[in-house]
Amino acid sequence: MSAPAQQPAAAAAEQHSNLIIVEGLIKHFPIRAGILRRQVGAVQAVDGVNFAVKRGETFSIVGESGCGKSTTARLLIRLLEPTGGKITLEGRDITHLKDSQLRPLRRDMQMIFQDPYSSLNPRHTVGKIVGAPFRLQGVTPPGGVKKAVQDLLAAVGLNPEHYNRYPHEFSGGQRQRIGIARTLALRPRLIVADEPVSALDVSIQAQILNLLEDLQKEFDLTYVIIAHDLSVVRHVSDRVAVMYLGKIVELADREALYRAPMHPYTVALMSAVPVPDTRRRQERERILLSGDVPSPISPPPACRFHTRCWKAQEICRTQEPPLVELLPQHHVACHFPENFPDETARASAPDGTLR
Amino acid sequence: MTTSALRDLVIRHPGQADEEPFLEVVDLRVHFPTDDGLVKSVDGLSFALDRGRTLGIVGESGSGKSVTSLAIMGLHTRPASEQTRPGAKLSGEIYLEGEDLLAKSPEYVRSLRGKRMAMIFQDPLSAMNPYYTVGHQIIEAYRIHNPVNKKVARKHAIDLLGRVGIPEPSHRVDAYPHQFSGGMRQRAMIAMALSCDPDLLIADEPTTALDVTVQAQILDLIRDLQSEFNSAVVLITHDLGVVAELADDVLVMYAGRAMEYGSAEQLFNRPAHPYTWGLLGSMPRFDRKKSERLLAIKGTPPSLINVPPGCPFHPRCSYAARNNGRSEDVRPELAPVEPGHTVACHLTQIEREQIWEHEIAPML
């Protein structure tokens with residue numbers, strides 16, 4: 001799809017490098033009560049999220065339970081309809097497409113689910129499960145569906161002869177491979193993976209992470225990965241967005257984010273990760289957040305993190321910090337960011353260190 | 001082999017004096033008869049633990065770590081006689097301060113639960129009764145072991161809830177489990193487990209269901225409470241990061257057996273078993289730059305009905321071929337590699353050190 005001719009070349013190039021653009025995305029789930037089922041409130045699951053995913057990259061969204069990361073994933077591939085905002089896939093506005101209009105789009109974007117036990121129909125054979133996308137889209141692959149399915153099974157490291165077996169005959173890791181083979185069937189460009197390895201054992205998790213990496217090269221895929229495990233995110237991502245209570249608080253390149261996180265929430269999150277290294281047990285400084293994440297039904301005003309932030313001041317309670325690019329490619333929504341060099345240091349720093 | 005000979009084989013930590021360890025498990029076997037065959041969940045496991053120390057038991061699903069903890073707590077249903085009721089077949093010995101729990105009656109072991117030993121479960125929602133308030137459940141456990149009236153017990157429950165970091169404990173004591181968040185529920189369960197100051201605390205994946213910031217709070221809490229009560233803690237987890245945070249000693253389990261046992265310092269800095277290498281290599285590292293690929297372990301864990309003969313790990317081991325077929329035929333026993341550090345592997349010490357130094361350590 002080409003950008004309109006009247007657009008400036010730079011904007012067109014920018015548009016071209018982005019596969020999917022999200023602007024001001026909002027999803028509120030209504031809470032209804034009483035006989036008339038009147039809306040009495042809303043769970044503000046996602047509340048004004050902006051980001052763009054570049055072609056060929058792995059973009060991760062990380063956060064704790066209830067931060068809205070899974071809802072964002074479901075909005076992205078339009079399993080949910082946004083309450084507000086705009087989603088543009090390859091220049092096309094897909095925010096409010098109807099089901100019938102969405103179906104052709106499913107060839108381009110697919111989803112890998114968390115639980116390999118509930119995402120496969122136990123009554124269907126592996127062949128039927130992996131071949132379903134062809135059937136639903138009315139596509140006949142060259143060489144026939146059976147051959148295409150067997151090629152896919154081989155591509156994800158399963159034995160193609162297991163075509164006629166049922167999901168219960170496979171282990172958790174193998175089931176996740178079956179799910180991945182299904183998402184690859186129609187050669188999508190975008191794969192959204194919601195916690196793709198969190199239900200798997202450590203040794204199997206590594207196999208699947210390696211597989212996802214191989215497939216990205218082989219099939220030229222763009223990944224959006226939703227995860228809560230910061231170690232997994234560090235391993236797979238090019239860029240990372242950190243979410244808290246429905247908002248992105250920080251968005252940066254992986255190395256920059258892990259080397260020098262700027263939002264206090266990111267700093268606290270990272271200090272809490274247990275590291276398999278006994279020598280670092282004493283050295284590490286841990287920031288313990290007090291209390292729990294507030295309810296997304298009535299999130300705190302202004303900066304949503306101020307109730308748990310050790311740096312919070314009056315301005316944090318009254319004025320919402322916007323997500324701004326404080327360092328090149330490093331966006332932070334905070335009035336008092338950490339690891340922020342002062343103006344002189346910033347000017348004199350060589351470009352390479354502040355990528 | 002006689003029991004006394006086996007007991008001599010139980011590896012002692014150098015710090016562990018000659019006196020009897022607080023908890024000692026000797027050649028524990030837990031087998032479950034099923035229609036498909038005998039499931040050997042735990043098959044010849046021995047370890048010891050002293051007061052004031054934390055033992056981390058690491059392994060993947062089906063390695064037998066939870067079954068071991070249930071066996072210590074006496075929570076397996078045991079068949080009344082052969083072939084009458086399904087249940088676990090247990091053999092071996094579990095000594096708690098010299099008393100063999102497996103030889104005692106279930107009623108006696110029950111009287112120890114709560115007071116002498118207590119357990120924190122993985123999923124607090126299913127471990128608590130939704131029908132009773134949190135306070136009621138703590139008070140119940142406390143009053144079974146302590147002759148006090150309700151008022152005193154209630155005050156004790158409020159104290160405990162406050163100590164595990166629940167805000168407004170005097171209100172929260174009357175709340176139901178579903179009114180708590182996941183982290184608070186886990187805290188409440190810890191409060192329940194600690195209500196009678198147990199000497200032995202078994203925590204089975206205590207933080208797996210929790211977010212990382214809450215996990216950090218709970219791990220700190222367990223550490224503080226342990227130093228306060230000088231209890232022995234068995235920490236069961238699949239997360240090597242959690243083990244490195246909390247454990248003094250580590251036991252790596254695979255297919256119901258011990259693969260490696262040593263201090264946390266030894267295990268993380270000089271791991272000696274190929275399975276331990278595999279676990280370390282499989283973990284994406286938070287604290288280091290990305291290594292290109294993870295060193296995944298090939299294949300999948302074995303069925304516990306047909307555990308591979310010889311070393312149970314040999315079908316997945318990259319180094320089994322170096323042992324002239326012994327890995328397939330001979331079951332390796334735990335043998336010392338350095339004081340306090342034992343490993344069940346056929347590789348020679350020299351081979352092992354070379355592989356670790358040249359092939360594994362640089363890749364992590």
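Here's a quick briefing on the helices, the sheet, the chain contact and a few unusual backbone angles in this structure. Keep in mind that this is a predicted model. The contact between the chains takes 34 residues from chain A and 37 residues from chain B. Helix 7 of chain A (residues 202-219) is a good way in, as its buried residues pack against helices of chain A and also against helix 12 (274-282) of chain B.

**Helix 7 of chain A**

- Helix 7 has 18 residues, and at 1.5 Å a residue it should span 26 Å; the end C-alpha atoms are 26 Å apart, so the two agree.
- Its buried residues include a run from the start of the helix: A:Val202, A:Ser203, A:Ile204, A:Gln205, A:Ala206, A:Gln207, A:Ile208 and A:Leu209. A:Leu212 is buried too.
- Within chain A, those buried residues pack against helix 6 (172-184) and helix 8 (230-236).
- Right after the helix comes A:Asp220, with a positive phi near 60°.

**Helix 12 of chain B and the contact between chains**

- Helix 12 of chain B is mostly covered, with nine of its nine residues buried. Among them are B:Tyr275, B:Trp277, B:Leu279 and B:Leu280, along with the glycines B:Gly278 and B:Gly281.
- The cover comes from both chains: helix 7 of chain A takes part, and so do helix 10, strand 9 (249-254), strand 10 (257-263), helix 11 and helix 14 (349-360) of chain B.
- Back to the contact as a whole, which takes 37 residues from chain B and 34 residues from chain A. On the chain B side, helix 8 (182-193), helix 9 (212-229), helix 10 (240-246), helix 11 (264-269) and helix 12 each supply at least two residues.
- Helix 9 of chain B gives the most to that side, with six residues.
- Sorted by class, the side of chain B that touches chain A has 16 nonpolar, 11 polar and 10 charged residues.

**Helix 4 against helix 6 in chain A**

- The axes of helix 4 (residues 126-137) and helix 6 of chain A come within 7 Å and cross at roughly 30°. That angle is under 35 degrees, so the two helices of chain A count as roughly parallel to each other.
- Helix 4 of chain A brings A:Val126, A:Ile129, A:Val130, A:Ala132 and A:Pro133 to the contact, while helix 6 of chain A brings A:Ile178, A:Ala181 and A:Arg182.
- By class, that makes seven nonpolar, no polar and one charged residues.

**The sheet in chain A**

- Chain A has an open sheet of eight strands with mixed pairing, in the order 6-7-8-3-9-10-12-11.
- Strand 6 (109-112) and strand 11 (324-327) of chain A are the edge strands, each pairing on one side only.
- From one strand to the next, the twist averages 25°.
- Strand 3 (residues 58-62) and strand 8 (residues 222-227) of chain A pair in the parallel sense over five bridges. A:Ser60, for one, has A:Ile225 of strand 8 as its bridge partner.

**Positive phi outside glycine**

- A:Asn339 has a positive phi of about 50° without being a glycine. Look for A:Asn339 in the loop between strand 12 (330-332) and helix 13 (343-348) of chain A. A:Asn339 is partly exposed, with 16 other C-beta atoms within 10 Å.
- B:Asp27 is another non-glycine residue with a positive phi, near 45°. B:Asp27 lies in strand 1 (residues 23-34) of chain B, and with 17 C-beta neighbours inside 10 Å it counts as partly exposed.

Conventions. Residues are numbered from 1 along each chain as its sequence is written. Chains are lettered from A and ligands numbered from 1 in the order in which they are written. This is a predicted model: local features need pLDDT of at least 70, side-chain atom pairs count only at pLDDT 80 or more; totals for chains, interfaces and linings use all residues. Helices (H or I, at least four residues) and strands (E, at least two) are DSSP runs, numbered from the N terminus. The expected span of a helix is 1.5 Å times one less than its number of residues. A residue is buried if 20 or more other C-beta atoms lie within 10 Å of its own, exposed if 12 or fewer, and partly exposed in between; C-beta atoms are placed from the backbone. Two residues are in contact if their C-beta atoms, placed from the backbone, lie within 7 Å. Two strands pair if DSSP finds at least two bridges between them. Axes are lines fitted to C-alpha atoms, for helices over the stretch in contact, and angles run from 0 to 180 degrees between N-to-C directions. Ala, Val, Leu, Ile, Met, Phe, Trp, Tyr, Cys and Pro count as nonpolar, Asp, Glu, Lys and Arg as charged, and the others, Gly among them, as polar. Angles under 35 degrees count as roughly parallel, over 145 as roughly antiparallel, 65 to 115 as roughly perpendicular and the rest as oblique.
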